[in-house]
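Trainee: Could you take me through one part of this structure slowly, starting from a single pair of residues and working outwards? I would like to see how the pieces connect.

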Amino acid sequence: MTMTTGLVTAVAPVASAADSMTELGFINNRRGNSDVAAGGGKVFVSGNDRIVVADTSGELVGAITDLAGPAGLAAAPDGTRVYAALYESHEVIEIDTATLAVTRRIDFAAHPCPVSLSLSGDVLWTAYGCDRGVGGVAGLDVSAPAPQPVAVVTGRYTPPLIAAAGNTLVLGDSRVEPVDLQVYDVSAGSVELRGEIDEGAHAMTNLRDLAVTPDGSKAVLTFSDRYETWDTTSLTRVRVYGEDMSAQGHAAAVAVSPDGSHIVGGWTTRGVELYDVVTGATTYSQKSPTGWPSPVIISGGVTVAGDDVFAVLWVPGSERLRLWRLEDATLVQTTMTLTAPEEATALEPLTLTGRLTRADGAAPGRQRLEVSHRLPDGTSTALRRARTAADGTFTITVTPPVAGTVGYDVNWPGAAGVRGSTASVAVMVSLQSAFVTLTGPVDGVVGKRLRFKGELKFGDQAPTTRPSLTVMRESADGVVEDLGTVRVARNGSFRFDDRPDQEGRYIYGVWWDGDDATEHAGAARHVTVRPGNG
């Protein structure tokens with residue numbers, strides 16, 4: 001038997017069964033102003049004249065309609081509220097995530113055309129600006145009973161990209177080349193410039209999106225071909241992520257996981273990639289789905305909800321938006337290899353071997369595995385569970401119950417903080433050989449009982465069930481009679497009797513028809529029957 005390697009799941013995972021794509025039901029006429037945010041067990045997507053709401057499985061659950069140009073979104077840390085900038089009516093609205101009711105409308109007429117939002121603590125930072133040269137940023141204390149926006153940065157060429165967390169506010173002009181970036185300290189209740197990032201020394205052009213780690217220590221910048229983290233105190237570059245000169249697509253959107261461990265990057269054609277903030281390693285990668293042309297992740301169009309990542313996609317030309325759910329994307333990824341013999345025989349044990357490996361290099365420890373087989377008729381059955389060794393290796397003994405192509409699936413469902421893995425392999429299974437023996441008298445007397453016995457074996461084993469054999473009798477003149485069936489005992493033996501009522505030569509035959517696991521087989525016994533003495 002030759003050994004062949006089964007499916008090997010790479011760091012780029014096969015899409016989860018719970019990954020989904022949801023049509024959001026509207027055409028986005030302002031795709032540059034759309035946004036996505038997660039809070040209260042829901043995902044909110046803005047665009048055109050509404051905010052569409054889905055649950056965290058990707059199913060649509062409602063919409064807030066008749067809105068005047070909804071653009072940027074920001075969710076409160078406790079998930080109870082989502083804020084939305086209304087570009088055309090110069091407002092910011094507060095939405096109750098449980099009821100989807102608009103609970104407050106805050107007038108931004110003095111700072112018109114609010115576009116982008118970032119919530120840090122109780123302060124909602126809002127980028128605004130209708131015309132070139134009048135862009136700015138306003139701060140809004142959402143804890144106040146009647147909050148009023150206060151301009152903190154003015155005179156920007158356009159409404160800047162903004163991101164805030166901890167004591168840090170970062171601003172970047174996306175339409176100014178080279179990129180103009182400022183970092184502000186907001187710890188004392190006021191806004192003080194901490195410094196500027198020297199764009200000329202670092203060839204920073206074409207800023208697409210901006211984020212800040214939850215502790216405010218790093219700014220995450222999105223350029224067309226890469227992501228970068230910058231220390232917001234020393235204003236020095238820390239690391240580059242996702243840079244691959246041979247890969248197609250442009251970086252379009254960025255988010256940071258709530259625990260600060262992952263950068264979520266959305267690419268126009270590469271799909272979604274996650275990077276470990278500290279090491280820079282790619283921990284997850286999923287290409288944009290096929291089946292419709294040139295899907296593009298919108299600017300700002302990624303967010304994290306629990307362990308899942310959500311991305312908003314649009315198709316150029318149609319402008320229709322779709323919500324793409326990537327289940328468990330932020331978890332530590334695992335891979336599983338599975339190897340089996342290329343060929344096997346039905347009812348004979350075969351050995352599966354493999355290994356479960358964590359992407360972070362940690363030993364998996366002893367883990368329980370779920371094992372199942374898929375038969376040629378399409379049915380699937382769970383088998384006995386198995387375990388890995390501490391280093392993730394495993395050996396599983398299985399017995400194919402039928403011939404044909406039999407598939408084996410080994411699944412580890414995952415654990416807290418760690419994504420599960422599945423590996424599969426197919427084995428070509430041959431029919432098991434069958435043998436029938438038959439013993440008994442070679443002569444007899446008319447009317448006297450003839451006793452026969454025999455044995456049925458599959459390979460060198462007795463049948464695990466109690467099948468039946470067909471018994472036939474052929475006379476000297478060629479007449480064949482069906483004498484019925486005989487049941488095989490658990491040890492494979494069988495017995496039957498006959499009382500011929502005429503003299504002559506007979507052939508007694510026992511026949512096994514075979515089944516989906518075994519070949520057919522038979523045996524015969526010649527008997528001469530003489531007249532009686534009286």
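Mentor: Gladly! This is a predicted model, and in it leucine 73 stands opposite alanine 84, a residue of β8. Now widen the view to the strands themselves. Strand β8 covers residues 81-86, and four bridges join β7 to it. These two strands run antiparallel. In general, strands of a sheet pair through backbone hydrogen bonds, either parallel or antiparallel.

Next, look at the whole sheet. It is an open sheet of four strands, and their order is β7-β8-β9-β10, with antiparallel pairing. At the edges are β7 (70-75) and β10, each of which pairs on one side only. As you step from one strand to the next, the twist averages 20°.

Let's follow the chain onward from the edge strand β10. Cysteine 113 sits in the loop between β10 (102-107) and β11 (114-120), while cysteine 130 sits in the loop between β12 (123-128) and β13 (135-141). These two cysteines form a disulfide, with their sulfur atoms 1.7 Å apart. A disulfide is a covalent bond between the sulfur atoms of two cysteines. Because the two loops hold one cysteine each, the pair ties together parts that are 17 residues apart in sequence. The torsion about the S-S bond is about 95°, so this disulfide is right-handed. The count of disulfides comes to one.

How does each partner sit relative to the surface? Cysteine 113 has 5% relative accessibility, so it counts as buried. Cysteine 130 has 32%, so it counts as partly exposed.

Finally, let's go further along the chain to the nonpolar cores. The largest one has 26 residues, and those with the most contacts inside it are Met336, Leu352, Ile396 and Tyr408. Several strands give two or more residues to this core, including β30 (334-341), β32 (350-358) and β36 (393-398). The most comes from β38, which gives five residues.

Pick out isoleucine 396 for a closer look. Setting aside neighbours within four places in sequence, isoleucine 396 is in contact with Leu350, Thr351, Leu352, Val371, Ala386 and Val410. Another core, of 21 residues, lies apart from the largest one, and among its members are Leu450, Val486, Trp512 and Val527.

Terms used:
Residues are numbered from 1 along each chain as its sequence is written. This is a predicted model: local features need pLDDT of at least 70, side-chain atom pairs count only at pLDDT 80 or more; totals for chains, interfaces and linings use all residues. Side-chain values use heavy atoms; hydrogens and water are left out. A nonpolar core is a set of buried Ala, Val, Leu, Ile, Met, Phe, Trp, Tyr and Cys residues joined through side-chain atoms within 4.5 Å. Buried means under 20% relative accessible area, exposed over 50%, partly exposed in between (1.4 Å probe, protein chains only). Contact means heavy atoms within 4.5 Å. A disulfide is a pair of cysteine sulfur atoms within 2.5 Å. Two strands pair if DSSP finds at least two bridges between them. Axes are lines fitted to C-alpha atoms, for helices over the stretch in contact, and angles run from 0 to 180 degrees between N-to-C directions.
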